[in-house]
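Colleague: I am new to this structure and would love a close look at one part of it. Could you take me to a single loop and then show me how that loop sits within the rest of the protein?

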Amino acid sequence: MIRDITLGQYYPAKSVIHRMDPRVKIIGTFIYIVSLFIVNNLIGYLLAALFLVFAISLSKVPVKFMLKGMKSIAVLLLFATVFNIFLTPGEIIWSWWKLSISKEGLLTASQMAVRLAFLVIGSSIMTLTTTPNNLTDAIESVLKPLKVIKVPVHEIAMMMSIALRFIPILLEETDKIMKAQLARGADFESGNIFKRAKNMVPILVPLFISAFRRANDLSMAMEARCYRGGDGRTKMKPLKYQKADALAYLVLVAYLAGCILLRIFGQYVI
């Protein structure tokens, strides 16, 4: 399960999306997430699915590798679906004791499951095709207008980049600790949920110690290199838009416009 989390990992490949400006990928991911909450009918979700398949094919990231990240949210997806099915009021289609399933509950649960799955996969495309350094520069560039109101944009971008970079490192550390504890006879599978939570303590303590040690080493390394924030800093590789990036923006605008039109006139299409 630990190795199935793909968020924060970078998958090297020679593709159109890998060569694309990281600002386009950040804005495109934001537009795609917004579109998932705009569409509300079957054709809208089919359009979102086709757009996602198109982006995955351009990224040249194996579909199996991308879908592997869905295993990490399987429990969350199951809880969200079950709660929406049984707790959404509406036209009752099945009832037993205090449990009931409504037509609206099934519709809401299916929409929630599709949105969550598409959101995770769509966000993974950005992190899998963008290096942490480029991601930091892109976040800083996108948030640059906030400098007018004294928001520390560079520091925020740096913290987000470090957090993303530490995700695969901490996951690998967690996997090593779990294997070491299993070799010593630890049991993380048997017992009820409270016993399992108690058995996780031998993992959490060394993991937190390792995380704090890595954070301290990183801060000392940054101080040794005279890091003093973003004031007056220059970029070794400044971000520059290309023709392909302008075309990507046009495709994103057309996709978002299509989602809005399908929401407004969707009842006349179906």
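Modeller: Gladly! Let us start at K150, which is found in the loop between α7 and α8. Please keep in mind as we go that this is a predicted model.

The backbone of K150 deserves a look. Its phi is positive, at about 65°, although K150 is not a glycine. Most residues other than glycine have a negative phi. As for its surroundings, K150 counts as exposed because its relative accessibility is 74%, and the cut-off for exposed is over 50%.

Staying in this loop, we also meet K147. The helices on either side of the loop that holds K147 are α7, residues 132-142, and α8, residues 153-183. Is K147 buried, exposed or partly exposed? With a relative accessible area of 39%, K147 is partly exposed, since that class lies between the 20% limit for buried and the 50% limit for exposed. Once neighbours within four places in sequence are left aside, K147 is in contact with E140 and V153.

A second loop makes a nice companion to this one. K60 lies between α3 (42-59) and α4 (63-67). K60 is a residue other than glycine with a positive phi, near 60°. K60 counts as exposed, because its relative accessibility is 54%.

Now let us step back to the whole protein. The secondary structure comes to 11 helices and two strands. Reading along the sequence, you will pass α-α-α-α-α-β-β-α-α-α-α-α-α. In terms of domains, the protein is divided into domain 1, made of 1-130 + 240-270, and domain 2, which is 154-239. The centres of domain 1 and domain 2, taken over C-alpha atoms, are separated by 28 Å.

For a sense of scale, the C-alpha atoms fill a box of roughly 65 × 60 × 40 Å along the principal axes. One pair of residues lets you follow a span through the model: V16 and L170 are 154 residues apart in sequence, and their C-alpha atoms are 30 Å apart in space. V16 is found in helix α1, residues 16-19, and V16 is partly exposed, with a relative accessible area of 39%.

The contacts tell you how the chain comes together. Among those between residues at least 6 apart in sequence, 73% join residues at least 24 apart.

Next, the surface and the interior. Of the 270 residues, 34% count as buried. The accessible surface comes to about 17,400 Å², and 70% of that belongs to carbon and sulfur atoms. Turning to charge, there are 32 positive and 16 negative side chains, with the centres of the two sets 4 Å apart.

Finally, a word on cysteines. How many disulfides does a search of the whole structure find? The search finds zero. Two cysteines show opposite surroundings: C226 counts as exposed because its relative accessibility is 55%, whereas C259 counts as buried because its relative accessibility is 0%.

To come back to where we began, K150 is in the loop between α7 and α8, with its positive phi of about 65° and its exposed setting at 74% relative accessibility. In the loop between α7 and α8 you can also find K147, in contact with E140 and V153.

Note on methods: Residues numbered from 1 in each chain as written. Predicted model: local features only at pLDDT ≥ 70, side-chain atom pairs only at ≥ 80, totals over all residues. Heavy atoms only, no water. Domains from an automatic or database assignment. Disulfide = S-S within 2.5 Å. Buried < 20%, exposed > 50% of the residue type's maximum accessible area, 1.4 Å probe, protein only. Helix = DSSP H or I, 4+ residues; strand = E, 2+ residues; numbered from the N terminus. Contact = heavy atoms within 4.5 Å. Areas by Shrake-Rupley, 256 points an atom, 1.4 Å probe, with all protein chains shown as cover. Lys, Arg positive; Asp, Glu negative; His and termini not counted. Charge placed at Lys NZ, Arg CZ, Asp CG, Glu CD.
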